[in-house]
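Please read the following account alongside the sequence and the coordinates, moving from the arrangement of domains to a pair of helices and then to the contact between chains.

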Amino acid sequence: MVKVVLSENFVALTGGCRELHLPVDNYRDVIAELITRWPQLEPLLERSSVAIDGLIYQDAMYETLQNDSEVFFMPRIEGG
Amino acid sequence: MAEAREFKQIGTSPVRPDGIDKVTGRAQFGADMILPNMIHGKVLRSPHAHAKIKSVDLSGALAIPGVFAAISGADFPGGALEGEASGEGGGSLTDIAKNVIARNKVLYHGHAVAAVAASTPRLAQEALKAIKVEYETLPPVLNVVAAMADASPLVDENNFTNLPEKPENPSNVANIGRLERGNLEEGFAAADIVVEREFKCPMAHQGYIEPHACVANIDETGRGTVWCSTQGHFEFRSATAKMLNKNIADLKFVATEIGGGFGGKTVVYLEPLATMLSEKTGRPVKMTMSREEVFRATGPASGTVARVKVGLKKDGTITAAQSWIAFEAGAFAGAPYMPGAMTIYAPYKLENFLVETFDVLVNKPKVAAYRAPGAPQAMHAFECALDEAAQILDMDPIDLRLHNAAEEGTHASYGPKFPVIGFRECLEAAKNHPNYAAPIPEGAGRGVAAGFWFNVGMQSSAEVHINDNGTVMVVEGSPDIGGSRASMCLMAAETLGIEYADVRAQVGDTESTGFCNVTGGSRTTFATGMAVTQACEDVIADCKRRAAMTWGLDEDQVEWEDGQAIPGPGVNADVKPLSLAELAGKAAKTGGPIQGRASLNAQGAGASFSVNFGDFRVDRETGKVDVLSYTAIQDAGKAIHPAYVEGQMQGGAAQGLGWALNEEYIFDDAGILQNAGFLDYRIPVASDLPMIDTHIVEVANPIHPFGVRGVGETPIVAPLAVATNAISRSIQQRVCELPLSPPRLLAQIDG
């Protein structure tokens, strides 16, 4: 099961849920499952970065996940 | 990059290719562009920090002979614009459009209200006086903490704090950030000592020497070209097109040589105005800001108030940390409140923490990105609190940090586990540095602090063209601010196996190369470098195919080594290697010109840590600070061009020390900036600083083909706290408000 950790600003929209485990093998399915459960998350997901097993993606989509992967949503960073 | 590699080109420091043009004045900056029939644009700016615009009458200006056009906010398409500006905290394009030219309200002194185009700059300036604007002044909101109170006047009566459920009442607080872990109460209960302080950092400008400048040349069909000083011409094109409701295909943007940006040239100011004026007049329009306009109307870094509390055990273990930071956004939302929250504790293993940050509107210029946006202010507060804790515990400040240092596998305070990082290596390099072993000069104090930035990837494109003599032209779309053309040449030469001298690089305009995001976030050497490397690999694959064709071998029987195609191991072929030059010379017979290309969205940028220390002495009679020595240590992953990396570290240190020691925006009670020029806004000059000693740590980023992490942002982070900690130790009192200018220090010394 892939561990999915939501960022702090998601929590108010998920009824307090901050962490969940999903039986998925790619990132696209994580997004689909989150939007199915909490449709109002979609705009936040669009504006988020994500760390998959510690590797930060500004724009993930099709990345493959392992059974013990950790997917961590975080605010998007651009810098100056 | 799993193991150390030997490089032939990477890690050398050839003379910068743009150097001679810049020191001889040949380089063409934004304001150097001159076109036939060109006229000149000027901007009328608000005399009030906060006011309603009741009317704008342009007729007086338009009646002056030699004035070709005059525009106000009413000339621009209204309504919401989709998308956000580039750069950290760029903000929504809807807000940026209102920042480019005010609509119904002016929100800071210097906010653009109207613009004219005339035959000469002087006439354009005179014509501004003939524009009549009727204002209804409003009380300015100038104090970030007072602005957060319910009773505060509102900068924007339509601003509601961005919460899941819309609040009942508008507020000056645009956004709130919050990160937490563990149990604060238990953490502080386990502490042997607690340090609690409030720190202030002033609004400070990036201080780039070249002012904003552009020339727009739009023809009668609405198509044309804009030359501008920018960190990202593709995103400037997009923003300008959206603000003017134009097709981006109708606009070509050319990035001129740039005289500094540091984040401040990631958003548009003049380009939409010049484009509209050119379209209205049918003539090229040049617009150049004065230094005063740069200070009054372009984005500085946020001023902040930060409250920090940290608990530690006697052995130096941090048991809990709590922070509250208010960031000034200026007139529109977009302060780096989240990067501040995400960086403040990033270097450390923490079990119990809370950080709350706030993006607060005030009637000051809209802030813009400045190297590592949000990190210098936030980390200044925490690094100073840690230094005080080290003094109380009688611990070496580097040892205290080593005791708590994050490392590979640590859950970063902003969430995910760190992959391989080099913070511990930076701390150890500092501890072992001869400058740290040197005695502290009499009367001086030594300050130590850490710095951090995430670094980013994002989108880049590159093409590599092989000339018929085997020399190489790299074309990419990242404006060269910190020497990226030399770095691209080095990476191309290394990948192709040829000499650096045989490679040239140029920054293509928006019609000459593929999309690139802004040069910012320490991303260019990392991301555009990956694109160049992949484009070179594309060339190598093509060259191997052509060599195989020439030799009558299969493609997989050919290898590429030292800039030439050779038969692979075990391949029985009596042939001479074919060099890149030989293959290029015969290209017509093997399929035509050789070129490679790559476009990507680079992921996996590697975080960069730094440790800085320095010895500072305060003259107790005048309050003047002497920086006696300064040492900057940073993990670059891999230094492609070490001299440029050192330059980034030294430049960041100089800018950070300027922010720490003298730089600040000084507003009067009406919200008018009192020091809008380099005479009164004092950036460091050469005589203010010693030689900045550097030490590059190289803990490779495994994602990048050469191990690059990016280096441009992190260097500015640590110097603020280094200065504060050194001066606090020098005068034996904790100082908590920047800048540490002579009057402020004298007041503190005198009690």
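**Domains, helices and the chain contact**

In this predicted model, the C-alpha centres of domain 1 of chain B and domain 2 of chain B lie 39 Å apart. The contact between these two domains draws on 13 residues from domain 1 of chain B and 15 residues from domain 2 of chain B. Sorted by class, the side of domain 1 of chain B that touches domain 2 of chain B consists of six nonpolar, five polar and two charged residues.

As for where these domains run along the sequence, domain 1 of chain B is made of 19–24 + 457–602, domain 2 of 33–138 + 210–259 + 265–297, and domain 3 of 304–455 + 606–749. Over the whole of chain B, the secondary structure amounts to 21 helices and 26 strands. The C-alpha atoms of chain B occupy a box of roughly 85 × 75 × 50 Å when this is taken along the principal axes. For a chain of 751 residues, a compact globule would be expected to have a radius of gyration near 27 Å, and the value for chain B, 27 Å, therefore agrees with that expectation.

A closer view can be had from one pair of helices. Two packed helices are described by the angle between their axes and by the distance between those axes. In chain B, helix H7 (residues 233–243) packs with helix H8 (residues 271–281) at an angle of about 55°, and their axes are 9 Å apart. Angles that are neither under 35 degrees, nor over 145, nor within 65 to 115 count as oblique, and H7(B) and H8(B) are therefore oblique to each other. The crossing of H7(B) and H8(B) is right-handed. On the H7(B) side, the contact is made by B:Phe236, B:Thr240 and B:Met243, while H8(B) contributes B:Glu271, B:Pro272 and B:Thr275. Taken by class, the contact of H7(B) with H8(B) comprises three nonpolar, two polar and one charged residues.

Finally, there is the contact between the two chains, where 20 residues of chain A are in contact with 37 residues of chain B. In chain A, strand E4 (55–57) and strand E5 (70–75) each supply at least two residues of the side that touches chain B. Of these elements, E5(A) gives the most to the side of chain A that touches chain B, with four residues. By class, the residues on that side of chain A divide into 11 nonpolar, five polar and four charged.

Note on methods
Residues numbered from 1 in each chain as written. Chains lettered and ligands numbered in written order. Predicted model: local features only at pLDDT ≥ 70, side-chain atom pairs only at ≥ 80, totals over all residues. Domains from an automatic or database assignment. Contact = placed C-beta atoms within 7 Å. Nonpolar A, V, L, I, M, F, W, Y, C, P; charged D, E, K, R; others polar. Axes fitted to C-alpha atoms, helices over the stretch in contact; angles between N-to-C directions. Left-handed = near helix turned anticlockwise from the far one by under 90°. Rg over C-alpha atoms; globule rule 2.2 N^0.38 Å.
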